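Grab the structure and work through these short exercises one at a time. Try each task yourself before you read its solution.

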Amino acid sequence: MTVLVELDAASVHFGRVRALHDISLTLRRGERLALVGANGSGKTTLLRLLNGLIEPTSGRRQWHPQRAGRPPVSAFVFQRPFLLHLSVRRNLRLALWLAGVPAGARATRLAGALERVGLQALVDRPARSLSGGQQQRLALARAWAVQPDIVFLDEPTASLDPTAKREVEALIEQFGRDGMTLVMSSHNLGQVKRLADRVLHLEGGRLVVDAPTERFFTDGGLPIETMQFLRGELPWR
Amino acid sequence: MNAFTDSLGLAARLITQADANLWRIVGLSLQVSGSACAIGALAGLALGAWLAVARFAGRSLLIAGVNTLLALPSVVVGLIVYLLLSRSGPLGSWGILFTPQAMVIAQSILVVPLIAALARELVVEALREGGDQLQAMGARPMLSAALLLVHERRGVLTVMLTAFGRAVAEVGAVMIVGGNIDGVTRVMTTAIALETSKGDLPLALALGLVLLGVVAMINGVVGLTQRRPLAATGGLG
């Protein structure tokens, strides 16, 4: 599979705090990667590092050129999407404009994205008047519309009710089927089992385990921190 | 107490009898302060947005400087503009001292720090919520700041009202650079100052009431527009 992003001994420091320590990993096209770990383990920082929102303090991050020699296109879906005080349509148009989508292609992309997430009927509604689940679907439409190689999702269902959670999960699954590479952080291990084919366990900014999903949940020989995490035990006990 | 009731009656008569002189003064006040706010908005919003996102040595000092200028006495501004525009001043060749243009320049200088400081606060606050997400969508810092000003347009409108209030209510600068020439540069505040110095307190107070009424009316109109749903306004296609 084509390599999209590579980290080589990448570390991130925020002042004196070491958020990530010597992370090495390779992300390939079509993978569905889940980042798991306790709060503060570095999941969000790793997502931001892979996406390019932050730079490694040491080590190396490399985006491998894709079609026409350009770096992979990425989209980021946050736990609480930030939508401008504009209509659904204008929020989507803005995302397309920022992503550099040619003006002639924007209307088609916009319609396709709305159809994909089922928000066609709400296109002229103020984006901020939508429910939490609808807002997250709009955020997914915004991501889908730019037709990214990689979609980064930071706990995308953490603040949703069960129904909205199922809807969003179904959309994420569709993204995967569309061939988009998914990198997702989650506290929901059931969701990780359903959506991911590879799991990374982070602990205190270190990558403890990088394993296929099936092995992650069945292998009794994983490091002790990971076994404790899977059993739901608190690490400081 | 009589002075107040006399003033109220006089103010009502001036308005209901559509006193031409009064309306000329009111019109010039609105024109000068409105123009100053428009010019101040261009400079102040850009400066505020830039200060919110720019990172350079001395930025904190510049922010402190702008915040200090919030207390800039209008007479000092008037004096500086007077020195610049007087015959022997560097801009004396413009020949605009004691004209409404000079008053616009003085009031613009007065409102720029106010608009910049408040706009910066608005953008900084909005960046906390959505800065990362706009960056992830591809917006560069200054573009993010501009988008956030659109997002916070109600707040921007309040900033502009505050600036207009500061401009229309100041007397020192317009008195110095305008000269309070009847029919040419006389505005509400300089007219009030003149009538007070002449001892015609009821007329001065009546003019003050008219000034308050005009500002209240503008606030009311803006307030009504702010009740509309936000996504229905704004300029993005």
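**Exercise 1.** Work out which strands helix α1 of chain A lies across, and how the helix is angled to β2(A).

*Solution.* Start with helix α1, residues 43–51 of chain A: the helix lies across β1, β2 and β4 of chain A. Next, take the angle, which comes to about 55° against β2(A). Axes here are lines fitted to C-alpha atoms (for helices over the stretch in contact), with angles from 0 to 180 degrees between N-to-C directions. Helices (H or I, at least four residues) and strands (E, at least two) are DSSP runs numbered from the N terminus.

Before going on, note that this is a predicted model: local features need pLDDT of at least 70 and side-chain atom pairs pLDDT 80 or more, while totals for chains, interfaces and linings use all residues. Residues are numbered from 1 along each chain as its sequence is written, and chains are lettered from A and ligands numbered from 1 in the order in which they are written.

**Exercise 2.** Lay out the sheet that contains β1 of chain A.

*Solution.* The strand order is β2-β1-β4 in an open, antiparallel sheet of chain A. At the edges sit β2 (17–28) and β4 (58–63), each pairing on one side only; strands pair if DSSP finds at least two bridges between them. On average, neighbouring strands are turned by 15° against each other, direction ignored. Now zoom in on β1 (residues 3–14) and β4(A): five bridges join them, and Val5(A) stands opposite Trp63(A).

**Exercise 3.** Ala9(A) and Gln147(A) have positive phi; find where each one sits.

*Solution.* Ala9(A), no glycine, has phi of about 50° and is found in strand β1 of chain A. Gln147(A), also not a glycine, has phi near 45° and lies in the loop between α4 (132–145) and β6 (150–154) of chain A. Then check burial, where 20 or more other C-beta atoms within 10 Å means buried, 12 or fewer exposed, and in between partly exposed, with C-beta atoms placed from the backbone. Ala9(A) counts as exposed because it has 12 C-beta neighbours inside 10 Å. Gln147(A) has 16, so it is partly exposed.

**Exercise 4.** Describe the make-up of chain B.

*Solution.* Count elements: chain B has 10 helices and zero strands. Then look at burial: 40% of its 237 residues are buried. Last, its C-alpha atoms fill a box of roughly 65 × 50 × 35 Å along the principal axes.

Definitions and conventions: Contact = placed C-beta atoms within 7 Å.
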